[in-house]
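Open the model in your viewer and keep the sequence panel beside it. The stops below go from one selection to the next.

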Amino acid sequence: MSNAETDVAALRCGAPAEGERTTGAPRVDVLTAREVPLGGPRAMQVRRTLPQRSRTLIGAWCFADHYGPHQVAASGGMNVPPHPHTGLQTVSWLFSGEIEHRDTLGTHAFIRPGEMNLMTGGHGIAHSEVSTPDTTVIHGVQLWVALPEEHRAAARDFQHHVPEPTQVDGAEIRVFLGSLAGRTSPARTFTPLLGAEIVIEPHRTLTLAVDAAFEHGLLVDSGHVRLIDTALRPTELGYVPRGSDTLTMTNETDVPARTVLLGGPPFGEEIVMWWNFIGRSHEDIVKAREDWEASADRFGVIEDFPGGRLPAPALPNAVITPRRNPPTP
């Protein structure tokens with residue numbers, strides 16, 4: 001997925017709906033989404049919760065787009081021509097619809113609900129994403145993972161994984177990265193990560209054992225969910241700092257609540273993130289953009305894509321500075 005954003009959003013401080021925070025309960029910050037256009041000639045709107053001024057990363061997760069449900073007949077669906085990536089892995093996860101993926105490894109694959117596509121674009125890769133003709137509703141998340149310095153020039157790679165659903169205390173869990181609820185994904189990442197879809201039945205409470213060395217983010221797709229003692233509305237992401245070995249979430253509605261849980265140890269490196277590139281300096285970004293515009297071998301070519309590729313936007317008239325998370329209290 002291509003990034004066309006020019007601004008970021010702010011933090012809403014989490015608090016119980018009524019009364020004071022429970023003594024000793026972990027802090028929950030609420031990251032609110034902002035609407036941004038998906039890059040390309042037919043710019044589908046997406047809701048972005050990462051990155052933003054108050055928080056650049058959750059673990060190595062550095063980008064979270066949440067989109068739909070969009071009626072394809074009205075919105076045109078997803079139509080993102082070939083575009084580049086550096087220094088990251090992309091994680092595609094759908095709730096409904098189907099997306100055709102092509103990349104410069106020669107991969108021709110499809111993204112369907114309950115199936116994960118994980119693409120590595122370290123030194124450079126390009127791919128396209130187009131919703132299929134039979135798709136009537138498109139709905140899902142697109143996530144990026146920053147690669148650590150020692151692996152940020154990793155070779156191109158593509159992995160596909162279909163996690164088995166697990167039933168736990170009134171919830172259905174699909175673990176697409178890392179380990180949770182007795183399930184472990186075989187997908188390979190460059191830092192420890194957690195990624196899982198969790199659907200909670202109406203008026204049920206779920207408590208999960210998690211790694212206390214991880215910080216976590218819970219993105220709410222549907223329903224109203226209370227994470228620990230903080231109410232989360234649809235499209236919001238609740239952030240919990242490291243130190244908690246359990247997470248409790250309650251569906252407070254009469255319908256199933258769908259969420260996506262992300263986690264990982266704090267990512268200690270500064271990153272420079274611009275358009276579809278992640279580097280460590282302004283010069284890294286300038287070089288990646290020059291290489292893409294020059295059709296350099298670094299990114300390769302998608303031979304059978306029926307159309308042109310996405311041009312890079314103009315660089316800002318300022319040095320792009322590195323970003324990292326604020327210190328954890």
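A residue counts as buried when its relative accessible area is under 20%. This model is predicted, and the tour starts at its aromatic residues.

Select Trp275 first: its relative accessibility is 6%, so it is buried. Add Trp274, which at 13% is buried too. The ring centres of Trp274 and Trp275 lie 6.3 Å apart with the planes at 55°, so this pair is tilted. Now add Phe277, buried at 0% relative accessibility. Its ring and that of Trp274 also form a tilted pair, with centres 6.4 Å apart and planes at 35°.

Extend the selection to Trp292 and Phe299; ring pairs join these two with Trp274, Trp275 and Phe277 in a cluster. From Trp292, look for Arg309, whose charged end sits over the Trp292 ring, 3.8 Å from the ring centre. For another such arrangement, go to Tyr239: the charged end of Arg55 sits over its ring, 3.8 Å from the centre.

Next, the nonpolar cores. In the largest one, of 32 residues, select Trp61, Cys62, Val91, Met116, Leu143, Phe176 and Leu177, which touch the most other members. Colour the strands that give two or more residues to this core, including E5 (61–71), E7 (88–96), E12 (137–146) and E15 (171–177). Which strand gives the most? It is E12, with five residues.

Centre on Leu177 and show its contacts: beyond four places in sequence, they include Trp61, Val91, Met116, Leu118, Ala187 and Leu193. Last, select Val30, Val175, Val210 and Leu247, which are among the 25 residues of another core, apart from the largest.

Methods:
Residues are numbered from 1 along each chain as its sequence is written. This is a predicted model: local features need pLDDT of at least 70, side-chain atom pairs count only at pLDDT 80 or more; totals for chains, interfaces and linings use all residues. Side-chain values use heavy atoms; hydrogens and water are left out. A nonpolar core is a set of buried Ala, Val, Leu, Ile, Met, Phe, Trp, Tyr and Cys residues joined through side-chain atoms within 4.5 Å. Buried means under 20% relative accessible area, exposed over 50%, partly exposed in between (1.4 Å probe, protein chains only). Helices (H or I, at least four residues) and strands (E, at least two) are DSSP runs, numbered from the N terminus. Contact means heavy atoms within 4.5 Å. Rings of Phe, Tyr and Trp (its six-membered ring) pair if their centres lie within 6.5 Å; planes under 30 degrees apart count as stacked, over 60 as edge-to-face and the rest as tilted. A charge sits over a ring if NZ of Lys or CZ of Arg is within 6 Å of the ring centre and within 35 degrees of the ring normal.
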